[in-house]
Amino acid sequence: MAFRHELASLLLIDGPLRHLLAEAPDPDLARYLVLAHHGRLRVQVRDPENPGPQNPEPRTRILGLEQGAVSAIPPMLGQPATTLTVDLAQFEPGGDRSWTRTVRQLTQRYGPFVLAYLETLVRVADWRASGGRELPG
């Protein structure tokens with residue numbers, strides 16, 4: 001089962017690091033860009049080993065993250081140590097907090113091309129940061 005750090009990052013900013021979104025002009029857009037920045041996860045988040053729609057049971061595990069699991073998060077990015085409790089409910093089909101619904105609303109608001117452009121900017125910034133290159137000043 002493949003672990004995707006993008007999913008864990010989204011759960012962090014949806015949970016104990018939620019305050020980081022307080023000044024974002026569009027918190028849902030910021031959340032989308034965190035999840036989509038490698039181009040693997042966008043509209044639907046599902047585990048290849050437990051795809052979901054044909055299985056009526058709620059998914060308790062997606063991409064290496066287990067519902068209700070508690071993990072200690074060390075200090076990072078100037079933030080103190082915290083704890084993450086995994087909540088996968090937004091990735092279930094339907095419901096008020098459905099991730100797919102959130103992305104559809106973003107697509108209606110910005111259009112698919114603007115979302116793709118913004119995702120590309122974040123992906124290139126991630127490549128540059130991962131490569132240790134300095135950004136032009």
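## Buried residues and overall layout

A residue is called buried when its relative accessible area is under 20%. By that cut-off, 32% of the 137 residues of this chain count as buried. The model is a predicted one.

The chain holds four helices and four strands. Following the sequence from its start, the elements come in the order α-α-β-β-β-β-α-α. Of the contacts between residues at least 6 apart in sequence, 58% join residues at least 24 apart.

## Helices H1 and H2

Two packed helices are described by the angle between their axes and the distance between the axes. For H1 and H2, the angle is about 155° and the axes are 7 Å apart. The two helices are therefore roughly antiparallel, since the angle is over 145 degrees. On the H1 side, the contact is made by Glu6, Leu7, Ser9, Leu10, Ile13 and Asp14, and on the H2 side by Arg31, Val34 and Leu35. Sorted by class, these residues are five nonpolar, one polar and three charged.

Helix H2 covers residues 27-36, and its buried residues are Leu29, Arg31, Tyr32, Leu33, Leu35 and Ala36. These buried residues pack against H1, H3 and H4. The N-terminal end of H2 is capped by Asp26, which places a side-chain oxygen 3.1 Å from the backbone nitrogen of Asp28.

## Leu10 and the aromatic pair

Leu10 belongs to helix H1, which spans residues 5-14. Its relative accessibility is 0%, so Leu10 counts as buried. Which residues does Leu10 touch, not counting those up to four places away in sequence? They are Arg31, Val34, Leu35, Gln90, Phe91 and Trp99. Arg31, Val34 and Leu35 also appear in the contact of H2 with H1. The C-alpha atom of Leu10 is separated by 9.2 Å from that of Leu33, a residue 23 places apart from Leu10 along the chain.

Two of the residues that Leu10 touches, Phe91 and Trp99, bring up the topic of aromatic rings. A pair of aromatic rings is described by the distance of the centres and the angle of the planes. A search of the whole structure finds one aromatic pair. The pair is formed by Phe91 and Trp99, with ring centres 6.3 Å apart and planes at 55°, so it is classed as tilted. Phe91 has a relative accessible area of 6% and is therefore buried. Trp99 is buried too, because its relative accessible area is 1%.

## Helices H3 and H4

Helix H3 runs over residues 99-110 and helix H4 over residues 112-130. Their axes come within 6 Å and cross at roughly 105°. H3 is therefore roughly perpendicular to H4, since the angle falls in the range 65 to 115 degrees. In this contact, Leu106, Thr107 and Tyr110 of H3 meet Pro112, Val114 and Leu115 of H4. The residues involved are five nonpolar and one polar, with no charged residues.

Thr100 is another residue of helix H3. With a relative accessibility of 17%, which is under the 20% cut-off, Thr100 counts as buried. Apart from its neighbours within four places in sequence, Thr100 is in contact with Val43 and Gln44.

## Arg4, Ile62 and Leu63

Arg4 lies in the segment before H1. The side chain of Arg4 makes a polar contact of 3.0 Å with the side chain of Glu6. Setting aside neighbours within four places in sequence, Arg4 is in contact with His38, Arg40, Leu41 and Leu63. Where does Leu63 lie? Leu63 is in the loop between strands E1 and E2. Its relative accessible area is 5%, so Leu63 is buried.

Most residues other than glycine have a negative phi. Leu63 is not a glycine, yet its phi is positive, at about 50°.

Ile62 is in strand E1, which is made up of residues 61-62. Is Ile62 buried or exposed? Ile62 counts as buried, because its relative accessibility is 0%. Ile62 and Arg4 are 58 residues apart along the chain, and their C-alpha atoms are separated by 9.3 Å.

Conventions:
Residues are numbered from 1 along each chain as its sequence is written. This is a predicted model: local features need pLDDT of at least 70, side-chain atom pairs count only at pLDDT 80 or more; totals for chains, interfaces and linings use all residues. Side-chain values use heavy atoms; hydrogens and water are left out. Axes are lines fitted to C-alpha atoms, for helices over the stretch in contact, and angles run from 0 to 180 degrees between N-to-C directions. Angles under 35 degrees count as roughly parallel, over 145 as roughly antiparallel, 65 to 115 as roughly perpendicular and the rest as oblique. Contact means heavy atoms within 4.5 Å. Ala, Val, Leu, Ile, Met, Phe, Trp, Tyr, Cys and Pro count as nonpolar, Asp, Glu, Lys and Arg as charged, and the others, Gly among them, as polar. Buried means under 20% relative accessible area, exposed over 50%, partly exposed in between (1.4 Å probe, protein chains only). Rings of Phe, Tyr and Trp (its six-membered ring) pair if their centres lie within 6.5 Å; planes under 30 degrees apart count as stacked, over 60 as edge-to-face and the rest as tilted. A polar contact is a pair of N or O atoms within 3.5 Å; within protein, one must be able to donate a hydrogen and the other to accept it, and residues adjacent in sequence count only if both atoms are side-chain atoms.
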